[in-house]
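Hi everyone, thanks for coming. I'd like to walk you through one structure today, so have a look at it on the screen while I talk.

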Amino acid sequence: MVDSHTDPACNGCAWGMKHSSHYCGFVSVVRRLRRGDKVLKMLFPVNLSFVLLPKGMPGGDMAKPLLGRRNMESNPDLAATAGRTIGILGSGDFARSLATRLVYSGFQVVVGSRNPKRCAGLFPSAAEVTAQVDAVKKTNVIFVAVFREHYSTLCDLTDELAGKILVDVSNNTEINHHKESNAEYLASLFPACTVVKGFNVISAWTLQSGPRDGNKQVLICCDNQEAKRTVTEIAQVMGFAPLDMGSLSSACEIENIPLRLLPAWKIPVFLALGLFLCFYTYNFIRQVLHPYIWEQKNKFYKIPVEVVNSTLPCVAYVMLSLVYLPGVLAASFQLRYGTKYRRFPDWLDQWLQHRKQIGLLSFFCAALHAVYSLCLPMRRSHRYQLINAAVKQVMEKKTDAWIEEEVWRMEIYVSFGIMALGLLSLLAITSLPSIANSLNWREFSFIQSTLGFIALVVSTLHTLTFGWTKAFDENQYKFYLPPSYTLTLLVPCTVILAKIFFYLPCIHQRLRRIRNGWEKGRHDLENPLQQQESVCAG
């Protein structure tokens, strides 16, 4: 049986935790190995850098500096900033993550808390946790990591905070919840201080894991340029990318950013849901309602899987065509007016900006369609239908049910479907910011434009081989409604034909000239004048 202890010298016991003495010995070994103990390295020739030590012990990616030594040496201002003392008022989750990141970025951190003894064990050992009054006196840059409702508790520190830089990192619970932003409210409480809004769009997780695993942008605004520059340098040393948002009046907009739930996805999601409901209703009428009314057959078991699986490819196919349709319309506008400098209509401009989200939703529906298709043979109804078909074949004394045309159709149909899903996967992966940032513009354009158009063509072939001759079979028209795949072909085929039209040499050359800056009216007038001047000069 392993005996436990609460040795005060062990950092793991700082929380009052009980653990085995063997654990403390193991922690000691890991520490000595990381310090370069030669004897222990001979005994333990393994890499223990992955071992997670208790809080307060540097280890892993958290202990690695986010800014390289060369960058620090090339910028003396950043090197001087890295060694300064930074204060934090607050002891919540964000304050702890912020203190940890500042410590491992080379700053001296002093934390001001109303209960320093109780909160000392929650912060890194390198950070000094003291009373708020003492913390404020030791630094000129202070992060205010408290809620707006608790700003008034800091009024007792008005004299000590005079002339210092206060970095407000707070957010609201609702968009435009107050008439003024939190930063402006803080500035009104402490007029002798310089308030900077920043770091509110960075989560505690990003601070802990580093900007490599989260958003790198830090939005900063302030009325004082010197204070803004100081906070900007701190963000750079921490490894983030500061973005100047102007004066403190921009704080309200910055505070609303973390509260918006996928603002760019609303229109694409509603579009996808609308298409899904339309096609689902259409397929329900054809596959379930028609057999029930005309043949008295109960097909309602198709509702959960089969009708959904018939709807998903329709939505994915149409959504993919809607990614490239606005580009066709934009090219038509440029050809119509003979210039690229004329502004597109607002609806087209919004459509162009939502192409990424529409494409990702198309991939999502296509992936679901692939999963549903693989699950079709697993259904009990499919097994019963297979047995009934076998019994019927025996009763009709058929020895061979092989149909060569159907075999080839299904082979080609499945092959095109796999290729289309593979191309859509590539488009979806390259649309991720981490992947897109690693590509140059030509590579990104080739994948998203050229390969995307090829994916649309392959998807069209996939749809055509699925339909084959069904469009000409009158039995396929339920309630005089054509098969759903014939409806989905309208928009994609329009896009493909328009793309082929734009690739004609005469059209392609004119469109290329327009996109290079040529304008129909201005250049047509300049050319005759230039010709006349050249004749006169001759």
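**A walk through the model**

Let's begin with contacts: among those in the chain with a separation of 6 or more, 69% are between residues 24 or more positions apart. Keep in mind that this is a predicted model. The chain has 538 residues, and 39% of them are buried. As for secondary structure, we have 24 helices and ten strands.

Okay, on to the pockets. What is the volume of the largest pocket? About 1,700 Å³. Its lining takes in 47 residues, and the ones nearest the centre are Asn309, Ser310, His369, Tyr413 and Phe466. If you want to find the walls on the screen, look for helix 13 (266-294), helix 14 (306-337), helix 16 (355-375), helix 18 (404-430), helix 20 (441-467) and helix 21 (484-488), since each of those supplies at least two lining residues. Which helix gives the most to that lining? That's helix 18, with nine residues. And what sort of residues are we talking about? The lining splits into 20 nonpolar, 17 polar and ten charged.

Now the second largest pocket, with a volume of about 1,300 Å³. Here 35 residues do the lining, and Arg355, Ser445, Gln448, Ser449 and Lys499 sit closest to the centre. Several helices supply at least two residues each, including helix 15 (346-353), helix 22 (490-502) and helix 23 (505-515). You'll also recognise some helices from the largest pocket: helix 14, helix 16, helix 18 and helix 20 each supply at least two residues to the largest pocket and at least two to the second largest. This time helix 14 gives the most, with eight residues. The lining of this second pocket divides into 20 nonpolar, ten polar and five charged.

Let's zoom in on a single helix. Helix 11 covers residues 225-237, so that's 13 residues, and from first C-alpha to last it reaches 18 Å, close to the 18 Å expected at 1.5 Å a residue. Just at its start, a side-chain oxygen of Asn224 comes to within 2.9 Å of the backbone nitrogen of Glu226. After the helix comes Gly239, which has a positive phi, near 95°. Which residues of helix 11 are buried? They are Ala227, Lys228, Thr230, Val231, Glu233, Ile234, Ala235 and Val237. Here's a handy bit of background for reading that list: an α-helix has 3.6 residues a turn, so residues three or four places apart point the same way.

Two loop residues before I stop. First up is Arg379, in the loop between helix 16 and helix 17 (380-395). Is Arg379 buried or exposed? Its relative accessible area is 16%, and buried means under 20%, so Arg379 counts as buried. Leaving out residues up to four places away in sequence, Arg379 touches Val305 and Glu306. With Glu306 there is also a polar contact, side chain to side chain, at 3.3 Å.

The other one is Ala264, in the loop between helix 12 (251-256) and helix 13. At 31% relative accessibility, Ala264 is partly exposed. Where does Ala264 sit relative to Gln353? The two are 89 residues apart in sequence, with their C-alphas 8.6 Å apart in space. Again leaving out residues up to four places away in sequence, Ala264 touches His354 and Gln357.

That's my tour, thanks for listening!

Note on methods: Residues are numbered from 1 along each chain as its sequence is written. This is a predicted model: local features need pLDDT of at least 70, side-chain atom pairs count only at pLDDT 80 or more; totals for chains, interfaces and linings use all residues. Side-chain values use heavy atoms; hydrogens and water are left out. On a 1 Å grid over the protein atoms alone, a cavity is a set of points where a 1.4 Å probe fits but cannot get out, and a pocket is an open set with protein on both sides within 12 Å along at least five of seven lines; lining residues have an atom within 4 Å of a point. Grid points are joined across faces, edges and corners, and a volume is the space filled by probe spheres set on the points. Helices (H or I, at least four residues) and strands (E, at least two) are DSSP runs, numbered from the N terminus. Ala, Val, Leu, Ile, Met, Phe, Trp, Tyr, Cys and Pro count as nonpolar, Asp, Glu, Lys and Arg as charged, and the others, Gly among them, as polar. Buried means under 20% relative accessible area, exposed over 50%, partly exposed in between (1.4 Å probe, protein chains only). A polar contact is a pair of N or O atoms within 3.5 Å; within protein, one must be able to donate a hydrogen and the other to accept it, and residues adjacent in sequence count only if both atoms are side-chain atoms. Contact means heavy atoms within 4.5 Å.
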